[in-house]
Amino acid sequence: MEPPDPVAFVFGATGYVGRAVVEAAARTQGVGQVIAHARPGSSRGAALEAGVGGSILVDRTPLELSPLAHALEACRPSHLFICHGTTARRARREGLKAPYEAVDLGLTRLLLEAAAAVSPPPRVVYLSAIGASPRARGAYLRNRWLAEEAVRSSGLPFTICRAPLLGGPDRREPRPMETLARTVADPTLAVLGAVGFTKLRDRLSSMNAAEAAEGLVRSGFHYMTINRVVQSDELRRVGVYERERWTPESRRDTPRH
Ligand SMILES: NC(=O)c1ccc[n+]([C@@H]2O[C@H](COP(=O)([O-])OP(=O)(O)OC[C@H]3O[C@@H](n4cnc5c(N)ncnc54)[C@H](OP(=O)(O)O)[C@@H]3O)[C@@H](O)[C@H]2O)c1
């Protein structure tokens, strides 16, 4: 019997990258359905609902264990894209204390727990960030690392994608510090790339949502990236897995403390 068409379930689908992941997954050959999750209270959920159709469905299941587990068991996704996360500004607006622990890490753990009973187990494609490390100074990157660890130890097949700074003129929400960082860093990295530091340029230059989504979907569906960390330079390069020899898994994916 033919296996069923892949079904992609995208958490954080109202976000800058999540929304682009929904569209990139829907364009991917063979994908039967894309389910775009919007949290019930999301102000961006209505815009998401108005803008999608075809193979894309919007799901507004509450972010609680039992309803999420039922929703996932009902649609049995083959791929679970996890693209949510908060910012200090949004957390202040929502009155969240320890926001990265509660949202970036806590919600990832909740989604993994909800997905644990799905059969066959879905592949988790986790949008992480360059710099995620147990030694990271800031709470954001430390919690990203802990969320990566939760993904790695979940027992589910996974692909962790470490994105660089994400942004572009198409980001509706103003993020002045990120825009400033991109404006300064990208031209500098372009010059460094031109004089030979191509890996540095490819790893650190910013990406817009479409580029990141294309990389997430490509990596998430590729057999060579299963149970691996995909670094930002690999995320942006089409065909990288076929063309290049990867460092052995033991060195690539084992953190050096
Ligand atoms: N910005 C960067 O440079 C960068 C770089 C690397 C990785 N990342 C990571 O990539 C992720 C997505 O980035 P993005 O630019 O697409 O972010 P975004 O546009 O801010 O979208 C964030 C998503 O998370 C959801 N969310 C926010 N607060 C939540 C909460 N308290 N509970 C549940 N869901 C919540 C949002 O839902 P609503 O629409 O309902 O608010 C939205 O769907 C971020 O988490 C970030 O950590 C970002």
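**Exercise 1. Determine which residue of β4 is the bridge partner of Ala 8, and place β4 among its neighbours.**

Solution. In this predicted model, Ala 8 has His 79 of β4 as its bridge partner.

Step 1. The strand that pairs with β4 here is β1 (residues 7–11); the two run parallel and are joined by four bridges.

Step 2. β4 also pairs with β5, again in the parallel sense and over four bridges. Within this pairing, Leu 80 has Val 124 of β5 as its bridge partner.

Step 3. The side chains of β4 (residues 79–82) can now be assigned. In a regular strand, side chains alternate between the two faces of the sheet. Accordingly, His 79 and Phe 81 point one way, while Leu 80 and Ile 82 point the other way. All four of these residues are buried, the criterion being 20 or more other C-beta atoms within 10 Å.

**Exercise 2. State in which order the strands form the sheet, and identify which strands stand at the edges.**

Solution.

Step 1. The sheet is open and has seven strands in the order β3-β2-β1-β4-β5-β6-β7, with parallel pairing.

Step 2. The edges are taken by β3 (56–59) and β7 (228–230). Each has a single partner strand, so one side of each lacks a neighbour in the sheet.

Step 3. On average, neighbouring strands are turned by 20 degrees against each other, direction ignored.

Step 4. Between β5 and β6 (residues 158–163) there are six bridges, and the two strands run parallel. Ala 129 stands opposite Ala 163 in β6.

Step 5. Helix α9 (residues 209–221) packs on the sheet and touches β4, β5, β6 and β7. The direction of α9 makes about 155 degrees with that of β6.

**Exercise 3. Describe the shell of residues around the ligand: which come nearest, which elements contribute, and how the residues divide by class.**

Solution.

Step 1. The shell holds 25 residues, of which Thr 14, Gly 15, Ser 42, His 84 and Gly 85 come nearest to the ligand.

Step 2. At least two residues of the shell are supplied by each of α1 (16–27), α4 (88–94), α5 (99–115) and β5 (123–129).

Step 3. By class, the shell has eleven nonpolar, eight polar and six charged residues.

**Exercise 4. Give the domain assignment of the chain and characterise the contact between the domains.**

Solution.

Step 1. Domain 1 is assigned residues 7–166 + 207–252, and domain 2 residues 168–206.

Step 2. The centres of domain 1 and domain 2, taken over C-alpha atoms, are separated by 23 Å.

Step 3. Twelve residues of domain 1 are in contact with twelve residues of domain 2. On the domain 1 side, these comprise seven nonpolar, three polar and two charged residues.

**Exercise 5. Locate the cis peptide bond and the positive phi values at Arg 76 and Asn 227.**

Solution.

Step 1. As a reference, most residues other than glycine have a negative phi, and most peptide bonds are trans.

Step 2. The peptide bond between Ser 119 and Pro 120 is cis, with omega of about -5 degrees. Pro 120 is found in the loop between α5 and β5.

Step 3. Arg 76 is not a glycine, yet its phi is positive, about 40 degrees. Arg 76 belongs to the loop between α3 (65–75) and β4. It is partly exposed because 14 other C-beta atoms lie within 10 Å, between the limits of 12 for exposed and 20 for buried.

Step 4. Asn 227, likewise not a glycine, has a positive phi of about 60 degrees. Asn 227 lies in the loop between α9 and β7. With 14 C-beta neighbours inside 10 Å, Asn 227 is therefore partly exposed.

Methods:
Residues numbered from 1 in each chain as written. Predicted model: local features only at pLDDT ≥ 70, side-chain atom pairs only at ≥ 80, totals over all residues. Near = placed C-beta within 6 Å. Nonpolar A, V, L, I, M, F, W, Y, C, P; charged D, E, K, R; others polar. Domains from an automatic or database assignment. Contact = placed C-beta atoms within 7 Å. Pairing = 2+ DSSP bridges. Axes fitted to C-alpha atoms, helices over the stretch in contact; angles between N-to-C directions.
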